[in-house]
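Trainee: I've got a new model open and I'd like to talk it through. Can we take it one question at a time?

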Amino acid sequence: MSIALGDGNHVASAPADRKIRGQQANVYAAESRIAHGRWFDSIEEVQAFVDSLTASDWWFAPHVVRVEVSRLVSKNWAGVGCTDDEHNAGTIALTKNGQNELTVLHEVAHTITHKGGGHGPVWVRNYLKLVYYVLGSDHYQRLYSSMQAHGVLFD
Ligand SMILES: [Zn+2]
């Protein structure tokens with residue numbers, strides 16, 4: 001059985017589950033090979049950075065007007081991000097290890113990708129767009145190439 005990646009209405013079959021887990025691992029591997037951009041000293045600094053994104057002329061996610069940043073305590077994750085459809089908003093939470101531009105953009109991409117989108121092609125497209133706008137074309141190209149080299153699925 002094949003499933004449409006990023007379609008939250010589908011119940012994933014076992015092989016597709018493996019594929020999705022593979023996609024996540026491939027994304028993490030691709031990211032580990034590239035620079036993570038500027039590091040932030042505090043959650044407040046990250047909030048100011050994220051506020052500047054949502055206020056930008058190029059902000060392409062009008063369904064998310066605010067992204068709220070908070071502290072995450074986790075040994076397993078540098079950060080998490082999710083949509084808050086009810087409030088046209090999103091939330092991200094970061095550990096100290098996640099207080100850098102690349103991780104923040106990764107999580108912001110989750111807030112603007114519909115629920116159930118995981119690390120599927122729609123999320124990948126949103127993430128790459130954010131990296132292009134914020135970190136520039138060189139950084140975008142390095143991430144894109146690294147994703148290709150690690151077998152990340154695009155649409
Ligand atoms: Zn993620």
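Mentor: Sure, let's begin with H5. It has 13 residues and reaches 18 Å from its first C-alpha to its last, close to the 18 Å expected at 1.5 Å a residue. That expected span is 1.5 Å times one less than the number of residues. Helices (H or I, at least four residues) and strands (E, at least two) are DSSP runs, numbered from the N terminus. Keep in mind that this is a predicted model, where local features need pLDDT of at least 70, side-chain atom pairs count only at pLDDT 80 or more, and totals for chains, interfaces and linings use all residues. Residues are numbered from 1 along each chain as its sequence is written.

Trainee: Which residue with positive phi follows H5?

Mentor: Look just past the helix for a glycine. Its phi is near 75°, and the residue is Gly-151.

Trainee: In what pattern do the helices and strands come along the chain?

Mentor: There are five helices and three strands to place. Read along the sequence, they give α-α-β-β-β-α-α-α.

Trainee: Which residues of H4 are buried?

Mentor: Buried means 20 or more other C-beta atoms within 10 Å of a residue's own, exposed means 12 or fewer, and partly exposed is in between, with C-beta atoms placed from the backbone. H4 covers residues 121–135. Its buried residues are Trp-123, Val-124, Asn-126, Tyr-127, Leu-130, Val-131, Val-134 and Leu-135.

Trainee: Why do they sit on the same side of H4?

Mentor: An α-helix has 3.6 residues a turn, so residues three or four places apart point the same way. The arc uses the directions from the helix axis to the C-beta atoms. The buried residues of H4 are on the same side because they cover an arc of only 165°.

Trainee: Which element gives the most to the largest nonpolar core?

Mentor: A nonpolar core is a set of buried Ala, Val, Leu, Ile, Met, Phe, Trp, Tyr and Cys residues joined through C-beta atoms within 7 Å. This one has 28 residues, and Tyr-127, Leu-130 and Val-131 are among those touching the most other members. With seven residues, the top contributor is H4.

Trainee: Is Ser-42 buried or exposed?

Mentor: Ser-42 is in the loop between H1 and H2. Its C-alpha is 8.3 Å from that of Lys-96, 54 residues apart along the chain. Because Ser-42 has 12 C-beta neighbours inside 10 Å, it counts as exposed.
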